[in-house]
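User: Before I trust the labels on this one, I'd like to see how each is earned. Can we go through them one by one?

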Amino acid sequence: MENFQYYTPTRVVFGKGTEDRTGELVRQQGCRKALIHYGGGSVVRNGVLDRIYRSMDAAGVDYISLGGVVPNPRLSLVYEGIELCRKENVDFILAVGGGSVIDSAKAIGYGMTNEGDVWDLFEGKRQAQACLPLGAVLTISAAGSEMSDSCVITREEGWLKRCYISDFCRPKFAVMDPELTMTLPAYQTASGCVDIMMHTMERYFNRSDNMEMTDGISETLIRTVMKNAKILMKEPDNYDARAEVMWAGSLSHNGLTECGTDGGDWACHQMEHELGGMFDVAHGAGLAAIWGSWARYVLDSRPERFAEFAVKVMGVEPAADDRETALRGIESMEDFYRSIGMPADLHELGLEVTEEQLRELADKCSYFGSRTVGIVRSLEKGDMYQIYKNALGY
Ligand code: NZQ
Ligand code: ZN
């Protein structure tokens with residue numbers, strides 16, 4: 001077991017109607033003026049934004065708003081947000097939406113509190129010294145950004161999607177009402193479920209001697225999301241299923257499922273970010289489309305762990321050897337993806353990737369040959385190319 005720190009400063013306010021407490025939560029932060037940040041309109045159409053405005057008015061908190069965040073949130077809107085917040089003397093950001101909105105809010109928060117171009121952080125040229133305080137009203141269970149230390153932004157120039165990690169951006173509070181996720185299209189619900197599972201699977205596939213406790217939490221978390229994802233495909237208004245998935249989403253990415261480990265593999269996330277940057281796919285769907293290819297490529301580096309996953313998470317019967325058991329587990333996960341309408345390869349994701357694009361993906365993911373990704377097996381540019389290629393599906 002590795003030494004570890006577990007730091008989760010976010011106050012979680014969970015349950016039916018909790019969004020009506022948002023104004024009071026913002027006021028408790030002692031802010032002068034808040035920016036309410038949101039996406040492409042779902043919160044306008046389903047009335048959530050109006051309820052947040054009313055709650056802010058009731059609490060007597062001054063605010064302005066900025067919508068228009070798109071999935072795979074763009075750097076240009078981050079710049080716009082920073083300019084607006086400076087002009088309006090904003091000192092708190094309230095994100096009303098999913099991972100994209102929360103990440104856009106985090107990036108604006110970084111831009112407000114650090115010198116120079118905020119994109120430098122995402123390129124690893126500087127480290128943040130602070131971030132404006134922020135809170136979240138979550139409307140989709142998926143990215144886990146409501147409790148995480150991560151922020152993922154896409155720069156339109158060159159279509160680069162990059163992640164910056166620091167504790168400064170962890171939200172002060174997260175309001176989580178599972179009912180708010182009932183208006184999600186089935187595809188987004190399913191994509192979110194895959195992302196939640198993957199945040200724990202990335203950590204599960206590691207090189208550590210694992211803690212029984214952490215493994216147990218992880219295995220239960222993944223199984224719980226699978227079970228409830230299936231329920232939600234048939235009963236999108238099932239409150240308990242929405243609640244199970246929502247809480248799993250936060251626990252899966254707040255560090256709990258990596259306690260005592262080396263932090264996990266994360267190659268699939270790195271490889272998916274390039275798919276998101278270049279092809280604008282939904283993040284969870286992109287992860288589903290490459291996971292099987294990645295798993296088969298690296299499995300011989302830790303067959304016993306893949307076999308453990310197959311038995312304890314996927315419930316497959318052990319075969320004659322670990323490798324065979326592992327392969328059954330991978331197939332079983334791909335079957336699960338398809339059962340909730342998720343792709344198990346790039347073709348099913350709707351992409352016809354050319355040879356040139358395969359090379360571009362590998363170039364970008366390897367930072368043009370200057371880094372490796374993954375820990376189960378360290379992947380170089382050539383490996384990345386092969387995993388993308390094996391994922392083509394035709
Ligand atoms: O923009 P609107 O109109 O709101 O529509 C959104 C969007 O189209 C819609 N939606 C959200 N809540 C809804 C709803 N539609 C109907 N009813 C609701 N209640 O769902 C679509 C997807 O939203 P988005 O915020 O993009 O989803 P998600 O939470 O999956 O976030 C994805 C982004 O987060 C990043 C991903 O890379 C991607 O850019 N990630 C962030 C992480 C982090 N900060 O910790 C970790 C993750 O690994 C991930 O990389
Ligand atoms: Zn993710």
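User: Why is Asp383 called buried?

Analyst: Asp383 has a relative accessible area of 13%, and buried means under 20% (exposed is over 50%, partly exposed in between; 1.4 Å probe, protein chains only). The value is under the cut-off, so Asp383 counts as buried. Bear in mind that this is a predicted model, where local features need pLDDT of at least 70, side-chain atom pairs count only at pLDDT 80 or more, and totals for chains, interfaces and linings use all residues. Residues are numbered from 1 along each chain as its sequence is written, chains are lettered from A and ligands numbered from 1 in the order in which they are written, and side-chain values use heavy atoms, with hydrogens and water left out.

User: What is Asp383 in contact with, leaving aside its neighbours within four places in sequence?

Analyst: Tyr297, Arg377 and Ser378, where contact means heavy atoms within 4.5 Å. Asp383 itself sits in helix α15, residues 381-390; helices here are DSSP runs of H or I, at least four residues, strands are runs of E, at least two, and both are numbered from the N terminus.

User: What makes the pairing of the Asp383 and Tyr297 side chains a polar contact?

Analyst: The distance is 2.7 Å. A polar contact is a pair of N or O atoms within 3.5 Å; within protein, one must be able to donate a hydrogen and the other to accept it, and residues adjacent in sequence count only if both atoms are side-chain atoms. At 2.7 Å, the pair fits under that limit.

User: Staying in α15, why is Lys381 called partly exposed?

Analyst: Its relative accessibility is 36%, which falls in the range between the buried and exposed cut-offs. Lys381 touches Ala362, Asp363, Ser366 and Gly369, not counting residues up to four places away in sequence. The C-alpha atoms of Lys381 and Ala362 are separated by 5.5 Å, although the two are 19 residues apart along the chain.

User: And Arg32: buried or exposed?

Analyst: Exposed: its relative accessibility is 60%, over the cut-off for that label. Arg32 is in the loop between α1 (22-28) and β2, and it touches Asp62, Asn89 and Asp91, again leaving out residues up to four places away in sequence. With Asp62, the C-alpha to C-alpha distance is 6.7 Å across 30 residues of sequence.

User: What is the phi of Asn89?

Analyst: Near 55°, a positive value in a residue other than glycine. Asn89 lies in the loop between α4 and β4 (92-97). Trp266 is also not a glycine and has a positive phi of about 70°; its place is in the loop between α9 (239-252) and α10. Trp266 is buried too, because its relative accessible area is 19%.

User: How do you know that the length of α4 agrees with its residue count?

Analyst: The expected span is 1.5 Å times one less than the number of residues. For the 13 residues of α4 (75-87) that gives 18 Å, and the end C-alpha atoms are 19 Å apart, which agrees.

User: Which residues of α4 are buried, and what makes them one face?

Analyst: Leu75, Leu77, Val78, Gly81, Ile82 and Cys85 are the buried ones. Seen down the helix axis, they fall within an arc of 155°, so they line one face; the arc is that of the directions from the axis to the C-beta atoms. An α-helix has 3.6 residues a turn, so residues three or four places apart point the same way. The buried residues of α4 pack against β2 (33-38), β3 (62-66), α5 (99-113), α6 (119-122) and β6 (150-155), while Glu83 and Lys87, on the other side, are exposed.

User: How do you know that the span of α13 agrees as well?

Analyst: By that 1.5 Å rule its 18 residues (322-339) should span 26 Å, and the end C-alpha atoms are 25 Å apart, which agrees. Buried residues of α13 include Ile330, Met333 and Phe336, and its buried set packs against α7, α8 (212-234), α11 (283-298) and α12 (303-312). At the start of α13, a side-chain oxygen of Asp321 reaches to within 3.1 Å of the backbone nitrogen of Arg323. Gly341, with a positive phi near 80°, follows the helix.
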